[in-house]
Amino acid sequence: MSGFPWLSLILWMPLLAGLALIVRERETGPSRTSTAWWLSLASSLVTLILCMKAPMESGPSLWKESIEWIPSLGVAYELGMDGMGCIMLALTALIMPVSIAASQRAGYNHEGFAGCLLMIQGTLVGVFTAQNFFAWFFFYEIALVPTYFLVRLWGDPGREKVSLRFFLYSMLGSIALLVGYLGLASAVGSYKFTVLAEASATQALPEAIGQRLAWFDLPVKWLITLLFALTFGGLAIKVGMVPVHGWLPDTYERAPTSVTMVLTGLMSKVGLVGMVKMVIPLLPYVPSSVLQATLAIAVFGLVYAALAAMGQTSFKRLLAYSSINHLGYCLIALLVLGQPSMGEPSMQTAKTFALGGLLLQMFSHGLISAGLFYLTHLGESRLQKTLRVDGPGGLRAIMPRFAGWMGLAVFASIGLPGLSGFIGEFLIFRGVFALSPWVAIGSLPALLITAIFLLRFLQHVFHGKSDPESEQFSDLSGSEMALMAPLFILIVLLGWFPHLIMERINPTIILTIERMIF
Amino acid sequence: MLAWTVYLSFLASLACFCSPASRPSYARWIALITSVVATFLPLSILIFKTAPDSGAVQTIVHLSWVPSLGIHYLLGYDGISLIMVLLTGIAAMSAILFSWNIEHRTGEFFGFLMALIGGVYGVFISFDLFLLFVFYEIAIIPKYFLIAIWGFTRKSYGAMKLVLYSFVGSALALVGIMATFVVSGAESFALEHLIAFPYEEGFQRWAFPVTFLGFVILAGLWPFHTWAPTGHVAAPTGTSMLLAGVVMKLGAYGALRIPLTLFPMGAAMWREELALLAAVGIVAGALVALVHQDFKFIIGYSSVSHMSFVVLGLLATTETGLSGAVLQMFSHGIIAGLLFAVVGRMVCARTHTRDLKELQWMTLRAQLPFASTLFLLAGLASIGLPGFSGFVAELHVLAGVWQSFAWLSLVAGLGIILGVAYTMRAMLTVFWPSALVTDSGRAPILEPITLQEKWGACLLVVATLSVGLYPKWMLDWITPCLQSPMLKPLTEGMAPM
Amino acid sequence: MIQEAIHTDLFRLIAPECMTVVTALIILAVSFGRKTTQSYLGPLYSVIGIIGLALALFVSLFYQSTGFSLGSAFIVTDATRWVKAGLLLMGFLIFWQHTASPSHVGNQGEFHALMLFAIAGMSLLIGADHLLMIFVALEITALSLYILAAIDKTNTLATRVALKYFLIGGLSAAFVLYGFSLIFGVAGTMSLSGIAEHCQTNENDPLLMMGILMALVGFGFKVAAAPFHWWVADVYTSTLTPVTCLIASTSKVAGFFVMGRFLWHGLIGAQGSLDGWEWTQGWIPWIAMLAVLSMLVGNLAALRQTKLRRLIGFSAVAHTGYALLGLCSPTPQASASIAFYMLTYGLSVIGLLSLLELTQGSQKDAENRQLEGLWRRAPWLAACLMLLVLSLAGIPPLVGFIAKFNLFIAALNTPHQTLGLIGLVVLALGASAVSLYYYLGVLKAAFCQDQPDEAMELKPSTSQYGLVFTCTLLTLLFGVFPGWLLTRFLEAFSGA
């Protein structure tokens, strides 16, 4: 199986097919299965097979491809699958077909819509398998264009401003990241992630920065802070960290729901993946004051998001803020990895937990939020209007199946043990508490608040006052349930058998933490 | 063989001038065929020959011209020249295609255009400083007439301003060239001869800034850039494509070939101050584009901003920075051509207005879908989206700037972000206005896009994509030149950190 | 080798001048007693004149040998032969111009004869090596030109202008004479070589400086340097075209040559330098000042002109300024470059003035507007106009550019380089940039505007076309292939 460029296949096939569909720009009939969906499904199946076949070794050595691209910068078109990439690819494979199918049901029959989604699928594969910065950035940026158009052309009213804001924020983040990483790469001398990690591990990084980057004799610490600000800040915009989250709630709300599934399920993870690859090597050297300040902001952010979610009436917005909150846990897990541990085994273990929790939470949150938004979309398609906390409720009696699935998803989001959300959060808190107790304590209220608003919503929707119109809503059909079944099955499965995922990512985690001995 | 690009262009110019006024298509076809043949010449070298590892200059013609002054008729090319000649060819072809609709004094229009193109070709393949200067000056006069006769708003003023600034810049550069000649013993103007002379530090201290400034005035360095937006807006579309696309690159190319090659010590002394000007130019151009209401002026100021990128890359003087500068020269040449083509010919010539607010009402996307898609592509390319040549170029420049003046990379990044902002603003206002606006029914009926325009546009898009997706083919030619003995003192002379 | 020639060889030395004078006398003889209104006479005289000049040119180029005579008052060297040849060529062209577009002067015979006398005088001026000889030649030229300026009796403005010209000219001649006498008094000899000896062996005498300065007044008038240029604009406007050509081209060539000889050959010890601008130590600072003033005044005044001939007049002052800059440098390259500059400038100006004659006819104070629509009315003429004007502006690949370039290089290549000279070159470049503005203004009218309804019909004859084309062709030819001519000039001046 080696030798055949599988990764390129699952990357370029959807990308080019999507482009072709966009150019063709035809309306398809309201049939359930369209060309785009089949293509996406095919690509996803191949992806899943690749993921399963991946043996448990560490390092990005699987299905590596490398073509020289920009020799003067030493940049090659390099793809490869490591542990983290593997699970993210699996996530992509699971979510994308659901999203495309959902869009078709919602009446977005334009081929351009599905084409954009296909393109996004291709670029996501690229981002998750890139082995150097340029390949990563290339696909990262390209993904912005179809996303923009999805929101701009098919979103809810008010979409012009919202889509523009999304694009500008994203570009701002991209450029900041570009400028920052170019500096890092100039210091290290290469754009490969592995080289950066090596430089960090051997403590060569600060010296390199000090030597190679010209600055008016300013201390290395300031340079490192600047680079950290640029790279972390740029990616934080994508993840949706407060205070640079301004684009997120509106975009999630106004975008077509199938697009939001992708946005929250996959694209926010892109930012986190980037952080793991680019910011973690820098973390050990960031001055502790800066680190603590960032941690403080992150903690504040996630609590704020939770509180904000509580105040929302539209379910989509509520979920958007909740998403910011959940990813906030990932952020604090990432940042505490920068705490000095001096090689003490317990600290190292704590970091392992934190990182493991982060990765697991990424996967799990992807599944859960995709599921949540899919259900929201289904609900809205019945109600013909947005699902609101203060809107028509009492759906349990009318649509029992819907209520059931929704309940499952909500509980997973709260972090109920037995569902995948719990494991991730548990590991994160375990790790964070050992490394930086006040951060953990500060974040605890958010858990509580999340539980409160989600349960409140659940209570209203299922047992609240119902609208007389709601009587004739049909419940979920078999095919609709079949589409999201894989997601929910995994959510439950991972809740009981998290080692299915952990064994894939453990090598990566161990390698990363080992490198951070200092 | 490359010298035929020059000769053919001048011959075509003469032929166009003599073509009968009653048959304008003769002139058009002469111009087009000549430019196609002329583009084929560098293309054939690129395709059929592999890039030499040495990056040395290949001589085409070497004759003694004015012995009493040590002037030689010396034409040659290396990788960088070749790329620029290719750019000129592509830009010329599309400019001619986009000027197909000129009816008034067609023969003379194409005559002047071909003369301009011939002069530009000459600059890129001259390796004798006097000869380079001669071609540089030859390119100035046709610009005046092209703008003053076939131009638009304030054409006389715009033409005169453009020409005078160019001339003053070239006069400054001439001072530097003459001084170099005299100081090196007054024997020869050939570049290879002049490089060999060790210029002392005191001389380089003033010779470098004078010569460099002289050339980059034509490249549109802030604060000597005001001629560019005025002139480009006043010019007819084909001319502005060439002006923004290629002629501004003459300044940057001249700056690379002459002051940067001859005076590396001087470059090291003045780098930071000049780089600051370039950085200001990036942001200043972008800021003005952000608030301007005139579509064509927005593109004009964006050209100023992008050209400052080139100058910044040149001043970074590392191999990466210089590669970035050359790449950006090519990339921006193509992209500026695209932008001016859409804005000038496709939109403004049909709608007879350049005001953003008025253009909103014209349902341009529905009536001119080709133009709107094209502007989308051009806009994305201009922003620096990966996949287009601008991304690769900006990468190199940023990397080079990090190596030389880290703090300016932030300014450059700011410039890119502003670029995103103004491009999006223009694109959205004109082509994707909100539904409220377009339903008013006030839109005039617009003529469809002609076949020539489509060909011209596709040419440019293919060019930018080819570099954006697979930059290696261009870099293989550029990198050896930067490593050659000619430029080594510059790239190595950069103060180590 | 320059030898003392015996009197029988005298004829050979001044053969060109003699031939010119004889031709003039022939014309006078032919015209004596005839009615002046017969139309064939004009062309007849012109033809005679052309033949005479052609013979003189031929002789000058091929049959002369170097030498000097009349007690070293008159000298023939390679340099003088080349410059004289150029002068005679220009005379030839001027006569051609007159045959092509005859002016309706009362007395054709006198007119032609006077032109020939003027040319002879300039020719003598070039060969002069003695103060008295210089003065005599100056006067021959000047008097002829005064009369020629007034010869069009139908134009009352011309008469007034000619009187002004005469008075200013006479005043400057007085300055020259007085200056020469002072120099004679100090140096003890009138021969330039003798004066040179004196200057090199003696200290700089204030009286000598006085003399030099006074002489410079006169020379300044001759070459139209500021601040002695006030006559230029009016004279250029109101004289007949052949006369304007004479003043603009040949007179300046001769004037510069003799000035150069006077200063660098005769006063070589007393030049001082631009180092520190010592006004009393030598004459270079004064020349430099004349150059600066001419460049500034000429260009700035030309900017505001709308009348074409006035514009050409002021631009002539500016060109004088550029050439004067060359006089500040002692090298033979500098002298050669001034000669090349003035000769090629003269060629371009003759072409330009003939072209204007065609388009404006007898309206001497025609404005730029008269040229409007030339591109449509006479496209070939318009093309020639563009090339000639751009050559004056100094745009490659025309000869004006290479001439300027050569001049600047020669100036910069001086041993004992001074900052002042570099500054002059930079100023000259800046002034050229300014001049482009008004030159483009002329071209704008011709190319960018459409013809007004009342524009006159243009039907130039073959002869007229031929002249303009020849001048343009020479401008282009020497611009693209200047090497041969430049090398010849350099050799000629280096040998002297």
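Helices here are DSSP runs of at least four residues, numbered from the N terminus. I keep that in mind for every element name below. The model is predicted.

**Entry 1: a proline pair in chain C**

I began with a loop. P397(C) lies between α16 (379–393) and α17 (399–412) of chain C. I looked up the peptide bond before P397(C). The bond joining P396(C) and P397(C) is cis, with omega about 0°.

I then went to chain A for another case. V242(A) and P243(A) are joined by a cis peptide bond, and omega there is about 10°. P243(A) sits in the loop between α9 and α10 of chain A. As background, most peptide bonds are trans.

**Entry 2: positive phi outside glycine**

Next I looked up backbone angles. Most residues other than glycine have a negative phi. A224(C) is not a glycine, yet its phi is positive, about 65°. I placed A224(C) in the loop between α9 (206–223) and α10 (231–238) of chain C. Is A224(C) buried or exposed? I found 29 other C-beta atoms within 10 Å, so A224(C) is buried.

R105(B) also went into the notebook. Its phi is positive, near 55°, and R105(B) is not a glycine. R105(B) is in the loop between α3 and α4 (106–125) of chain B. I counted 18 C-beta neighbours inside 10 Å for R105(B), so R105(B) is partly exposed. The cut-off for buried is 20 or more.

**Entry 3: chain B as a whole**

I took stock of chain B. I list 23 helices and two strands for chain B. The radius of gyration of chain B is 21 Å, and the globule rule gives 23 Å for 497 residues. The two values are close, so chain B is as compact as a globular protein of that length. Along its principal axes the C-alpha trace of chain B spans about 70 × 55 × 45 Å. Of the 497 residues in chain B, 67% are buried. I also checked sequence separation. Of the contacts in chain B between residues at least 6 apart in sequence, 82% join residues at least 24 apart.

**Entry 4: A92(B)**

I picked one residue inside chain B. A92(B) is in helix α3 (residues 79–98) of chain B. A92(B) has 32 C-beta neighbours inside 10 Å and therefore counts as buried. Which residues does A92(B) contact, leaving aside neighbours within four places in sequence? I found S35(B), I117(B) and L242(B). I also looked up Y157(B), 65 residues from A92(B) along the chain; the C-alpha atoms of the two are separated by 25 Å.

**Entry 5: which chains touch**

Two pairs of chains touch, and chains A and B make the most contacts. Chains A and C do not touch; I read 37 Å between their nearest C-alpha atoms.

For A with B, I counted 29 residues of chain A against 33 residues of chain B. On the chain A side, β1 (62–70), α5 (133–154), α6 (159–188) and α8 (205–212) each supply at least two residues. The largest share there comes from α6(A), with 13 residues. By class, this side of chain A has 21 nonpolar, four polar and four charged residues.

For B with C, the contact takes 27 residues from chain B and 25 residues from chain C. On the chain B side, β1 (58–66), α5 (129–138), α6 (140–150) and α7 (155–183) give two or more residues. I credit α7(B) with the largest share, 13 residues. This side of chain B divides into 24 nonpolar, two polar and one charged.

**Entry 6: two domains in chain A**

The domain assignment of chain A gives domain 1 (1–286) and domain 2 (289–518). Their contact takes 46 residues from domain 1 and 48 residues from domain 2. The elements that give two or more residues on the domain 1 side are α3 (83–105), α7 (193–201), α9 (220–239), α10 (248–254) and α11 (257–279) of chain A. I sorted that side by class: 28 nonpolar, 13 polar and five charged residues.

**Entry 7: a helix pair in chain C**

Last, I looked up helix α8 (residues 192–201) and helix α11 (residues 241–266) of chain C. They pack at an angle of about 40°, with axes 8 Å apart. That angle makes α8(C) oblique to α11(C). From α8(C), I noted L192(C), I195(C) and A196(C) in the contact; α11(C) brings R261(C), F262(C), H265(C) and G266(C). By class, the contact has four nonpolar, two polar and one charged residues.

Key:
Residues numbered from 1 in each chain as written. Chains lettered and ligands numbered in written order. Predicted model: local features only at pLDDT ≥ 70, side-chain atom pairs only at ≥ 80, totals over all residues. Contact = placed C-beta atoms within 7 Å. Nonpolar A, V, L, I, M, F, W, Y, C, P; charged D, E, K, R; others polar. Axes fitted to C-alpha atoms, helices over the stretch in contact; angles between N-to-C directions. Parallel < 35°, antiparallel > 145°, perpendicular 65-115°, else oblique. Buried ≥ 20, exposed ≤ 12 C-beta atoms within 10 Å, placed from the backbone. Domains from an automatic or database assignment. Rg over C-alpha atoms; globule rule 2.2 N^0.38 Å.
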